[in-house]
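Colleague: Could you take a close look at how the helices pack in this model? I would like one connected account, with the contacts spelled out.

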Amino acid sequence: FDPYCNMWRRDAVYNSIRYCNTFLEKVWGVYNMTDAEKKLWVAEIKALKAYYYFELAKHYGGVPLIDRVYADQKEANLPRGTFDEVVGLILREIEGVRNELVVDWRAENLEEKSGRITRGAALALKSRVLLYAASPQFNPSGEKSKWAAAAAAAFEVINMGIYSLHPDYGGLFVAETSTTSPETIWAVRMGATNEFE
């Protein structure tokens, strides 16, 4: 799963969503994982799928909602959903798994901690999604309840009490600081690249 797949290419993002759906369909048949491990991976994959849909919605507004692996392309020829439908799917995915996600991978006794989605990352994604939904682009009437929902979601992340601003902005990007700072909510390491973002 590549959180930084090429977001400017819909097919790359939909391939990532397909990988998520494939995993969700097949994980329970895996025998070398405990049910607890499977449950945790399912939660992370659903949060990652929500992230991919947010990236699509940011660039394209409403998009087709793919909820399973389709047998062929004709079967997957779905109508475009509205922006609000995409937001609804994202929020359902996050709300459905929020309590299953690890609060802080750094505190877990695991080798692979970097890049794993935490509860804070999922809730921060929810906050950002609601902020976009409240913006004039998607809320032209200025419905105040949408702004209140975005503020409440951001406050929920703040109230977790584990994130704060780094005291030295320049130092945040030196060595390992960016992955260990309490300002970092979700860090994904990448190799050397000349990509645009």
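Modeller: This is a predicted model, and a good place to begin is the pair H3 and H4, where H3 passes H4 in a left-handed crossing. The axes of H3, residues 83-97, and H4, residues 119-134, come within 10 Å and cross at roughly 160°; because angles over 145 degrees count as roughly antiparallel, H3 and H4 are therefore roughly antiparallel to each other. On the H3 side the residues in contact are Phe 83, Val 87, Ile 90, Leu 91, Ile 94 and Glu 95, and they meet Ala 122, Leu 125, Lys 126, Val 129, Leu 130, Tyr 132 and Ala 133 of H4. Sorted by class, this contact of H3 with H4 holds 11 nonpolar and 2 charged residues, with no polar ones.

H3 also packs against H2, and the axes of H2 and H3 come within 9 Å and cross at roughly 160°, so that H2 and H3 are roughly antiparallel to each other. H2 passes H3 in a left-handed crossing. From H2 the contact draws on Ala 43, Lys 46, Ala 47, Lys 49, Ala 50, Tyr 53, Phe 54 and Ala 57, while H3 brings Phe 83, Val 86, Leu 89, Ile 90, Glu 93, Ile 94 and Val 97. By class, the contact of H2 with H3 has 12 nonpolar and 3 charged residues and no polar ones. Phe 83, Ile 90 and Ile 94 of H3 are listed in the contact with H2, and these residues of H3 are listed in the contact with H4 as well.

H2 itself can be checked for its length: at 1.5 Å a residue, the 26 residues of H2, residues 35-60, should span 38 Å, and its end C-alpha atoms are 37 Å apart, which agrees. Just after H2, Gly 61 takes a positive phi of about 75°.

On the other side of the account, H4 packs with H5, residues 144-158, at an angle of about 160°, their axes 8 Å apart, which makes H4 roughly antiparallel to H5. The crossing of H4 and H5 is left-handed. H4 contributes Gly 120, Leu 123, Ala 124, Lys 126, Ser 127, Leu 130, Leu 131, Ala 133 and Ala 134 to this contact, and H5 contributes Lys 146, Trp 147, Ala 149, Ala 150, Ala 153, Ala 154, Glu 156 and Val 157. By class, the contact of H4 with H5 has 12 nonpolar, 2 polar and 3 charged residues.

Finally, the aromatic rings: a search of the whole structure finds 7 aromatic pairs. One of them joins Phe 23 and Trp 41 in a tilted arrangement, 6.4 Å centre to centre and with 50° between the planes. This pair links distant parts of the chain, since Phe 23 lies in H1, residues 10-26, and Trp 41 in H2, 18 residues apart.

Terms used. Residues numbered from 1 in each chain as written. Predicted model: local features only at pLDDT ≥ 70, side-chain atom pairs only at ≥ 80, totals over all residues. Heavy atoms only, no water. Axes fitted to C-alpha atoms, helices over the stretch in contact; angles between N-to-C directions. Helix = DSSP H or I, 4+ residues; strand = E, 2+ residues; numbered from the N terminus. Parallel < 35°, antiparallel > 145°, perpendicular 65-115°, else oblique. Left-handed = near helix turned anticlockwise from the far one by under 90°. Contact = heavy atoms within 4.5 Å. Nonpolar A, V, L, I, M, F, W, Y, C, P; charged D, E, K, R; others polar. Expected span 1.5 Å × (residues − 1). Phe/Tyr/Trp six-rings, centres within 6.5 Å; stacked < 30°, edge-to-face > 60°.
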